[in-house]
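Let's take a walk through this structure together, starting with its charged contacts and moving on to its hollows and its surface.

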Amino acid sequence: MARRKESDRAQQNNDDSDSNPNDELEEEPDFDDPEGYEDDISEQDLMGDLIRQRPKETDGVESIVVIDGVPQVGPERIEKLQNVLKKLFQKFGKITNEYYPLNPDGSTKGHVFIEYSNASEALEVLKGTNGYKFDKNHTFTVNLLTDFEKYNDILDKWENPVPQPFKEQGCLQYYLLDQDACDQFSVVYEQGDKVAVYLNTQPEPTLLEERPRWTETLVRWSPLGTYLATFHAKGIALWGGEKFQQIVRFSHPGVQFIDFSPCEKYLVSFSPLADSRATDEPQAIIIWDVLSGLKRRAFNADKSQALPIFKWSHDDKYFARMGVDMLSVYETPSFGLLDKKSIKVQGIRDFAWSPTDNTIAYWVGEEKDTPARVTLLELPSRNEVRVKNLFSVADCKMYWQKSGDYLCVKVDRYAKLRKDKSDIKYSGIYYNLEVFHMREKQIPVDSVEIKETIQAFAWEPVGTKFAVIHGEPPSTSVSFYEVKTGQTPTMVKKYERKPCNQLYWAPSGQFIVLAGLRAMSGTLEFVDTHDFTVMNTGEHFMATDVEWDPTGRYVATAVSWWGHKVDNAYWLWSFQGRILKRVALDKFCQLQWRPRPPSLLSAQQIKDIKKSLKKYSAQFEVKDRLKMTKASKELVEKRRKLMQEYEDLRKQKQEEYAEQRRRRIELRNNVDTDETEGRGGELEEETVEFFIKEETTFIDE
């Protein structure tokens, strides 16, 4: 049967060859590259994911760690030692193999080999347990197995590294040298295709730099204003200097979020699309050194965590992240866990660093009969300086004052609680503001109760007041409270029925904008909280953003293309609410003021300047008038130039008209019609009358 099928198949092939005699003449297509062709696409770009998964010679070796300093025990205690060590080391990953070298008498030699499922878990063991104090007499020394080969390959003769040429970056703080202290701001428009940087001069902003396709999504200034960060498909670029030259690049494909440390020493980049399981090291979160451009450490990302995942201390010494029932605090520049271990906090829900001290505030939710609590934790001592228990708590949110003098915890309390199988429902919600006085002895806490729903809360950046929007639209109210030493916060002003949902304090305090954004049609109210005078009201229809400049002199409102597809523009206002300029840009997306570093003046010096402000104001007014006069002169000169251009053009056309006179007469049968209207004798006047209607009126005698 098989032979028959083979013969049939052969016969069929013969028939096909007979029926298609021209097939042999057809040439097969040539897929070879032409001679001298050079492919400009690298293998990394084509098959990056596959290359990362390619097996390496070190696979299976990099995942092994060697632990020295293990207690030497006899055969009868080996099992107990193994259980204790396994419980400690399995926290860092899946253990696939372990080996305890033994002496001839069956006792352990004092070191252990442990193999994990991948190299990244072995690295976590190295960072988390090297130097770990097991007991009074034993401290672990942890190394990767590959480290032994690395140390064996060290050259006997030291070779000095080749010094890299110094690259002049220019003055990165040049923007602080402007004599009039004018601030800069960046603008992204045309759906992100164009980015421009302006200097906020009066009466017209001055364009400093404009580039097409400078970024692919948005831009962001560093906290002190030194760098401008742009986003790209392959990573982040930082720009600076007078010409905005590129300072450094960070390669992180798919990056969508970045966060600078407060002192600009480090940059955290986050790529939610990074497949951290496809490589030996995590790829989702990377911490970079800004000056050197080097990667300092990488982490896996938990998609359930809110951004930013890491929060920094004010001096860049520490950064922390929250996990399940724990708070992990890392220290720089080692980027290892503080004291080699995380802080166990059962039921932790959120935390926040003090803006001026190495103090963390965190809160823990209720659990059965245990109340919720807010804890203030000092670092690195881990000393709990204040604990506040809270009852009937549904949620909390923490607000630090910029000066670090106060902490306000907004507590959402409930009257009744109902638990379903998969959900918890609260009813009778009311609110408390718990204010911690950080600079006072034993940190007293005052409470302010607000029955209505709290829509927004904001501290005065420099001062002792805070503002609260409460109530339901359209009957929202705005209340201002003042906090004084040793006293409960007192309400100093309340505005009824204000159409606003956001609060924007000036960076220097005192002035605030009550804004009704998005659904509230962009209503704006400018208030001086010194005497609570409403300086002005305005409206930027459908506004999505409000931004104060760093000095508190100007306010920018914007309708972003990301929020609305029409009426995209930004407006500039004075701090008193006077509109200065309206700028409409095609598909305008974003406006950001360039930040300034903190003032070098002391609080007393700033206070003295405010007292003698009248002495300086006269000088500023003269300077402003000179600027306006200069602007007026420039405008007059511009108009004079336009008038001169018009006169020159008119004279040129008159000369051309005179030169063409002879030709015009020839074309008109030798009749000169140029001055017909000027010679009245050659004109005949004809009067035409039209009968419209006839009316008859009778008059009684």
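D183, R553 and R596 are joined up in a network of salt bridges. Bear in mind as you look that this is a predicted model. Across the whole structure, a search turns up 22 salt bridges.

Take E434 and R413, whose closest N and O atoms sit 3.5 Å apart in a salt bridge. E434 belongs to strand β29 (residues 430–437) and R413 to strand β26 (residues 406–413), so this pair ties together parts that are 21 residues apart in sequence. Are these two partners buried or exposed? Buried is under 20% relative accessible area. E434 has just 4%, so it counts as buried, and R413 is buried too, at 11%.

Now hop over to helix α7 (residues 613–659), where R640 and E637 lie three residues apart, about one turn of the helix. They form a salt bridge as well, with the closest N and O atoms 3.4 Å apart. Here R640 is exposed, with a relative accessible area of 51%, while E637 is partly exposed at 44%.

Helix α8 (residues 661–667) has a pair of its own: E666 and R662 are four residues apart, which puts about one helical turn between them. Their side chains meet in a salt bridge at 3.8 Å, N to O. R662 is exposed, with 66% relative accessible area, and E666 is partly exposed, with 42%.

Next, the hollows. The second largest pocket has a volume of about 1400 Å³. Its lining takes in 42 residues, and K91, E124, M326, S328 and Y330 are the ones nearest its centre. Which element gives the most to this lining? That's α4, with six residues. By character, the lining of this pocket splits into 16 nonpolar, 13 polar and 13 charged residues.

There are closed spaces too: the search finds three cavities of 30 Å³ or more. The largest cavity has a volume of about 50 Å³, and the residues lining it include F257, D259, V268 and F270. Two elements, β12 (257–260) and β13 (266–270), give two or more residues each to that lining. Eight of the lining residues are nonpolar, none is polar and one is charged.

Finally, come out to the surface. L417, I424, Y426 and I429 make a nonpolar patch of about 310 Å². I424 lies in strand β28 (residues 424–427) and is partly exposed, with a relative accessible area of 39%.

Definitions and conventions. Residues are numbered from 1 along each chain as its sequence is written. This is a predicted model: local features need pLDDT of at least 70, side-chain atom pairs count only at pLDDT 80 or more; totals for chains, interfaces and linings use all residues. Side-chain values use heavy atoms; hydrogens and water are left out. Patches are made of residues with over 30% relative accessible area and no salt bridge: like charges are joined within 9 Å, nonpolar side chains (Val, Leu, Ile, Met, Phe, Trp, Tyr) within 5 Å. Accessible areas come from the Shrake-Rupley method with a 1.4 Å probe; for residues, only the protein chains shown count as cover. A salt bridge is a side-chain nitrogen of Lys or Arg within 4 Å of a carboxyl oxygen of Asp or Glu. Buried means under 20% relative accessible area, exposed over 50%, partly exposed in between (1.4 Å probe, protein chains only). On a 1 Å grid over the protein atoms alone, a cavity is a set of points where a 1.4 Å probe fits but cannot get out, and a pocket is an open set with protein on both sides within 12 Å along at least five of seven lines; lining residues have an atom within 4 Å of a point. Grid points are joined across faces, edges and corners, and a volume is the space filled by probe spheres set on the points. Ala, Val, Leu, Ile, Met, Phe, Trp, Tyr, Cys and Pro count as nonpolar, Asp, Glu, Lys and Arg as charged, and the others, Gly among them, as polar.
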